[in-house]
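Let's go through this one by asking how each label was earned. Have a look at it first, then on to the reasoning.

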Amino acid sequence: MLNPKSKIQNLKSFAAAALSGILLVVCFPKIHCPGIVWVACLPLLAALAVETRLKHAFLLGYVCGAFYFAGNCYWFLTVTESYGHLSSWLAVLVLIGFVIIDSVFFGGFGLVIGWAARRSPGWALTLSPFLWVAMELARTYLITGFPWDLLGYAVQAEGVRQIASVTGVYGLSFLPVATSALGAWAVVASVPRTKLETGNSKLETSNSKLETGNWKLETRNLKLEIRNSGPATGFAALSEEQGEFPVSSFQFRKFMPSALTLGALSCWIALLLVAQSRLAPPRAVEGKELAILIQPNVPLDDAEMERWSPWRDPTELRQLVQFSIDAVNRNVDAPIQNPKSKIQNPPADPPLLIWAENPAPFFFTRDPVFHSAMENLARQTHTILIANTIIPTDGQEDAITNSAVTLDPDGREIARYDKIHLVPFGEYVPGWALPGLVHKITSEVGNFVPGTSYPVARSAGGGIGVFICYEAIIPQLARKLVANGAGVLVNISNDAWYGDSAAAYQHLEMARLRAIENHRYLLRATNNGLTTLIDPYGRVLKQIPRYQRLAMPANFDFETEVTFYTAHGDLFAWMCAMIGTLLLIGGAQWEEQVKRQSAKGKVQK
């Protein structure tokens with residue numbers, strides 16, 4: 001039975017875990033205090049470093065994850081209630097279910113760190129940034145794959161962020177966890193040992209004796225004598241040797257780890273500041289190519305879809321087509337012909353005209369009205385047109401793809417991209433989730449099926465790689481498009497599902513990293529905002545207001561640089577997973593060797 005002090009210590013540990021979960025939420029939009037990312041994990045790591053009870057270590061990580069997922073993904077309520085047509089209490093149950101499942105990733109992280117803390121707090125904290133990256137890698141690929149708001153997205157220092165061109169977003173996640181680990185070790189090392197209490201390592205003080213686990217320290221004539229009454233374990237395992245040293249020496253040794261750690265922390269911060277200065281991106285310049293991004297602001301209301309069905313009534317489609325033509329005419333003319341043009345130089349190649357993903361029932365291959373309208377729009381504007389469409393698949397009953405077609409200035413289809421990473425429960429229901437009882441949120445009849453290839457549209461200026469909506473959070477997907485020759489990235493998205501929640505802003509932050517990782521301009525056209533132009537350094541150069549039908553001219557360049565990340569992918573993340581595993585195995589073997597040597601010494605005595 002726990003004594004009152006143990007109960008208080010447990011409460012403090014769980015409060016620290018909850019605090020880290022809250023700080024992780026504060027790092028991201030809409031609250032968005034990105035500077036906090038550097039210390040967000042400190043309370044959790046400090047609690048885990050002295051927690052040797054594996055069950056408690058798992059629960060500490062789990063509590064942190066529960067606060068993090070509930071705070072960052074609260075918008076599930078909006079999506080499932082408003083568009084999934086669930087009652088309020090069912091929407092809450094969906095969010096709770098998601099939090100329960102995904103918090104296991106954090107719980108697993110806590111469990112492994114707690115296991116390492118049994119051997120040494122320093123070892124556990126050294127492991128923590130490697131294991132954190134491994135945990136985020138698991139979130140990317142396991143279950144359905146939901147790497148939403150990985151920690152690296154909260155790192156906003158423009159210079160430091162450029163590291164992502166080598167490591168991907170996972171390298172940015174590594175940095176703040178390493179910073180928090182150093183801070184946590186400074187905290188743990190500075191706490192007097194007589195005040196520490198953990199699961200199986202307790203320190204008790206009296207007038208002349210200090211006991212910790214199997215160790216006994218007794219004061220004799222102002223000296224401390226260390227006697228080993230058994231094998232050393234846990235945080236209080238000081239040394240395998242017996243001996244005497246003055247009290248003043250003991251006091252110096254007690255505080256020396258804190259001084260060393262503070263020095264290491266200072267050096268680490270200095271290194272980050274140097275990286276921030278040396279890697280700072282150059283001044284933004286205006287590109288020579290032109291794209292017109294159309295934000296159509298199509299309503300999500302199912303009742304509106306009748307008006308937006310071109311085969312029934314083409315009025316809305318015709319208005320959107322005319323709106324696009326007017327937008328191109330306003331911006332393509334050379335300055336001499338149109339003094340009010342926003343374009344400083346005429347485009348070197350045919351402009352891009354990009355229609356955002358939207359909920360309108362546009363069927364390029366089945367609806368001759370929509371098909372003809374798109375061909376004529378490309379010809380009339382002499383643009384490379386990118387438009388979202390639903391395409392029924394051949395040979396599969398009720399199977400459809402969420403696709404983007406690219407037409408050249410003559411109206412000919414030059415590329416078609418079928419969305420690969422579908423939104424679970426939004427576009428399809430996973431097989432393990434009782435698909436007969438649980439239904440997807442989107443209203444299209446049929447089940448979406450994923451695409452399998454990464455086509456790049458070829459133009460005179462360079463390759464154009466298109467990905468759709470939620471795929472902006474998948475680092476490998478944009479990378480493969482660039483590896484296939486994309487000189488510019490285009491993300492068409494319908495963020496209207498998120499309503500006024502933080503999700504649309506979080507989505508934008510994740511999309512920005514795809515530009516940095518691959519050193520490409522990212523043209524992001526959305527249904528009702530946030531429509532943006534992002535440069536190869538992840539900076540938002542231009543953005544238009546939400547909830548309005550608007551056209552945004554955007555200047556960009558086709559880039560040809562191949563970054564380390566584009567060439568090698570998530571190598572850094574997999575190396576972190578491997579290093580973490582090797583450190584765990586090596587530490588366990590070292591501990592076994594120490595135990596054998598200790599047992600051998602006892603036999604000899």
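Q: Which residues have the most contacts inside the largest nonpolar core?
A: This is a predicted model, and its largest nonpolar core has 121 residues. Ile-354, Ile-464 and Leu-523 have the most contacts inside that core.

Q: What does Ile-464 contact beyond its neighbours within four places in sequence?
A: Leaving those neighbours out, Ile-464 is in contact with Leu-352, Ile-384, Ile-386, Val-456, Ala-457, Ser-459, Ala-486, Val-488, Val-490 and Phe-558. There's also a second, separate core of 28 residues, and Val-298, Ile-325, Phe-370 and Ala-551 are among its members.

Q: Why is Lys-419 called buried?
A: Buried means under 20% relative accessible area. Lys-419 comes in at 1%, so it counts as buried.

Q: Where is Lys-419, and what does it touch?
A: Look in the loop between β10 (413-418) and β11 (447-448). Not counting residues up to four places away in sequence, Lys-419 touches Asn-402, Glu-427, Val-449, Pro-450, Gly-451, Ile-468, Cys-469, Tyr-470 and Glu-471.

Q: Why is Leu-93 called partly exposed?
A: The partly exposed class sits between the 20% and 50% cut-offs. Leu-93 has 43% relative accessibility, so partly exposed is the label that applies. You'll find Leu-93 in helix α5 (residues 88-117).

Q: What makes up the nonpolar surface patch of about 820 Å²?
A: Leu-93 is one of its residues, together with Trp-89, Leu-90, Val-92, Ile-96, Ile-100, Ile-101, Leu-142 and Ile-143.

Q: How do you know that Cys-33 is partly exposed?
A: Its relative accessible area is 33%. Since buried means under 20% and exposed means over 50%, that value falls in between, so Cys-33 is partly exposed.

Q: Where is Cys-33, and what does it touch?
A: Cys-33 is in the loop between α1 (4-26) and α2 (42-49). Not counting residues up to four places away in sequence, Cys-33 touches Val-26 and Cys-27. Its C-alpha atom is also separated by 8.5 Å from that of Ala-154, although the two are 121 residues apart along the chain.

Q: Where does pLDDT stay under 50?
A: One such stretch is residues 194-256, for which the model has 109 contacts beyond four places in sequence. Residues 334-346 are also below 50, with 17 contacts beyond near neighbours in sequence. Where pLDDT is low, the predicted coordinates shouldn't be read in detail. For the protein chain, the mean pLDDT is 84, and 80% of its residues reach 70 or more.

How values were computed: Residues numbered from 1 in each chain as written. Predicted model: local features only at pLDDT ≥ 70, side-chain atom pairs only at ≥ 80, totals over all residues. Heavy atoms only, no water. pLDDT = per-residue confidence, 0-100. Contact = heavy atoms within 4.5 Å. Core = buried A, V, L, I, M, F, W, Y, C linked by side-chain atoms within 4.5 Å. Buried < 20%, exposed > 50% of the residue type's maximum accessible area, 1.4 Å probe, protein only. Helix = DSSP H or I, 4+ residues; strand = E, 2+ residues; numbered from the N terminus. Patch = residues over 30% accessible without salt bridge, like charges linked within 9 Å, V, L, I, M, F, W, Y side chains within 5 Å. Areas by Shrake-Rupley, 256 points an atom, 1.4 Å probe, with all protein chains shown as cover. Salt bridge = Lys/Arg side-chain N within 4 Å of Asp/Glu carboxyl O.
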